Amino acid sequence: MTEDPKPANAVRLRATLDSVPGYKPGKPAAPRTDVTTYKISSNENPYPPLPSVLEVVRESAGSMNRYPDMGVSGLSARIADELKVEPDEIATGTGSVGVLGQLVAITCDPGDEVVYAWRSFEAYPIVVALAGAASVQVPLTSDARHDLDAMAAAVTDRTRLILVCTPNNPTGPVVHADELERFLAAVPSDVVVVIDEAYLEFVTDPEAPQAIDVWRRHPNVALLRTFSKAYGLAGLRVGYAVAHEPVATALRKAAVPFGVSQLAQDAAIASLDAFGELQQRVDALVGERTRVFDALRAQGWDVPETHANFVWMPLGPDTMAFARACDEAGLVVRPFDGEGARCSIGETEANDRLIEVAGAFRGSRGADAGA
């Protein structure tokens, strides 16, 4: 007896999904017997959790049959104390990308516009499109930096949100304090400007803004931060915004109920308490970043100045060939076809291998590669 054929699926989905790009996560490094493989494609912290943080997570796991604190009150108070702000000026979410979705949800109706630099964080066009809003992508400058003058000029009466990613993912440069102030002076006061600081802790540029001070001076500015990078909690998904009223209250309304697990809340508090230890790891990563950057520049690569935990290699049409060369060497990078590859700063051996592969690749392609 044959089964009836499966009926055609006639469910109706939102038409806007046709324009939503898919997020492409960094692929894991497949284990091999001939070489140790490394994943430097996702900007993860290569160090394992601190023992003190891991112990807190173990204890917290014992109550995972219970819902977490929906208000994230303990963590919000701890962040507020750290930043010298009020707890009700903190809004949390499932990583900074979760809070980003909340920001778009509270600012944009269908047809509204969100202005941001491009290329920048890959999630920006996704969350904007899902809200039915329109992305206004402003090209980076020739040195892979935000063109804030062009971004200001792109603002229209439909603009509801502006995203400033500093350091910029995936290219690495920061915006400078003076240009940011000029930019904010040119933006209408009813447009929310988000300073996305996912890589804040790795910044060493003296011209970078003190964003918390910028936030204090501008009621339409919000800061976006995460525990995924420097704090090494990428797998627990916890981020937050610092925002003025009414933005902060609206963000909490838009949050997924119970979205931030109790494990994540407790681990984030423990990580803030242990930042002295974490700072040593950040300093080590910054030192490795400098070493890798200097080595690539010495090879002739036109690598933009970076203040994140990665370097950007502007490979253009050679991007996918370089990614394959890395893969053959047991190294997984994050390629953006036709543009370049983002390479996270990882273990010392992984960084050594990146330098080695980059040197060999440039030698095989000639002096014009990545120049």
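Trainee: Let's start with Cys326: buried or exposed?
Mentor: Keep in mind that we're looking at a predicted model. The cut-off for buried is under 20% relative accessible area. Cys326 has a relative accessible area of 0%, so it counts as buried.

Trainee: How far is the nearest cysteine sulfur from that of Cys326?
Mentor: Two cysteine sulfurs need to be within 2.5 Å to make a disulfide. Cys326 is in no disulfide, and its nearest cysteine sulfur, the one in Cys343, sits at 5.9 Å.

Trainee: And Cys165, which cysteine has the closest sulfur to it?
Mentor: Cys165 is buried too, at 3% relative accessibility. The closest cysteine sulfur is 17 Å off, which is too far for a bond, and it belongs to Cys343.

Trainee: How many disulfides does the structure hold, then?
Mentor: A disulfide is a covalent bond between the sulfur atoms of two cysteines. We've just seen that Cys326 is in none, and the sulfur of Cys165 is too far from the closest one. For the whole structure, the number of disulfides is zero.

Trainee: Switching to helices: how do H10 and H12 run relative to each other?
Mentor: H10 covers residues 275-299 and H12 covers residues 348-365, with axes 10 Å apart and an angle of about 10° between them. Anything under 35 degrees counts as roughly parallel. H10 and H12 are therefore roughly parallel.

Trainee: How many of the residues in the H10 and H12 contact are charged?
Mentor: On the H10 side, the residues include Glu288, Arg291 and Leu296, and they meet H12 residues including Asp352, Ile355 and Arg362. The contact residues divide into six nonpolar and four polar, and the charged ones number four.

Trainee: What is the distance between the end C-alpha atoms of H3?
Mentor: H3 runs over residues 95-107, and its buried residues include Val99, Leu100 and Leu103. With 13 residues at 1.5 Å a residue, H3 should span 18 Å, which agrees with an end-to-end C-alpha distance of 19 Å.

Trainee: Which strand holds Ile195?
Mentor: Ile195 counts as buried at 1% relative accessibility. Among the residues that Ile195 touches are Val164, Leu180, Val214 and Leu223. Ile195 and Val242 are 47 residues apart in sequence, yet 9.9 Å apart in space, C-alpha to C-alpha. The strand with Ile195, residues 192-196, is S6.

Trainee: Last one: which helix is Ser271 in?
Mentor: Ser271 is buried, with a relative accessible area of 1%. Not counting residues up to four places away in sequence, Ser271 touches Val53, Tyr231, Leu233 and Leu278. The helix containing Ser271, residues 262-273, is H9.

Notes:
Residues are numbered from 1 along each chain as its sequence is written. This is a predicted model: local features need pLDDT of at least 70, side-chain atom pairs count only at pLDDT 80 or more; totals for chains, interfaces and linings use all residues. Side-chain values use heavy atoms; hydrogens and water are left out. Axes are lines fitted to C-alpha atoms, for helices over the stretch in contact, and angles run from 0 to 180 degrees between N-to-C directions. Helices (H or I, at least four residues) and strands (E, at least two) are DSSP runs, numbered from the N terminus. Angles under 35 degrees count as roughly parallel, over 145 as roughly antiparallel, 65 to 115 as roughly perpendicular and the rest as oblique. Contact means heavy atoms within 4.5 Å. Ala, Val, Leu, Ile, Met, Phe, Trp, Tyr, Cys and Pro count as nonpolar, Asp, Glu, Lys and Arg as charged, and the others, Gly among them, as polar. The expected span of a helix is 1.5 Å times one less than its number of residues. Buried means under 20% relative accessible area, exposed over 50%, partly exposed in between (1.4 Å probe, protein chains only).
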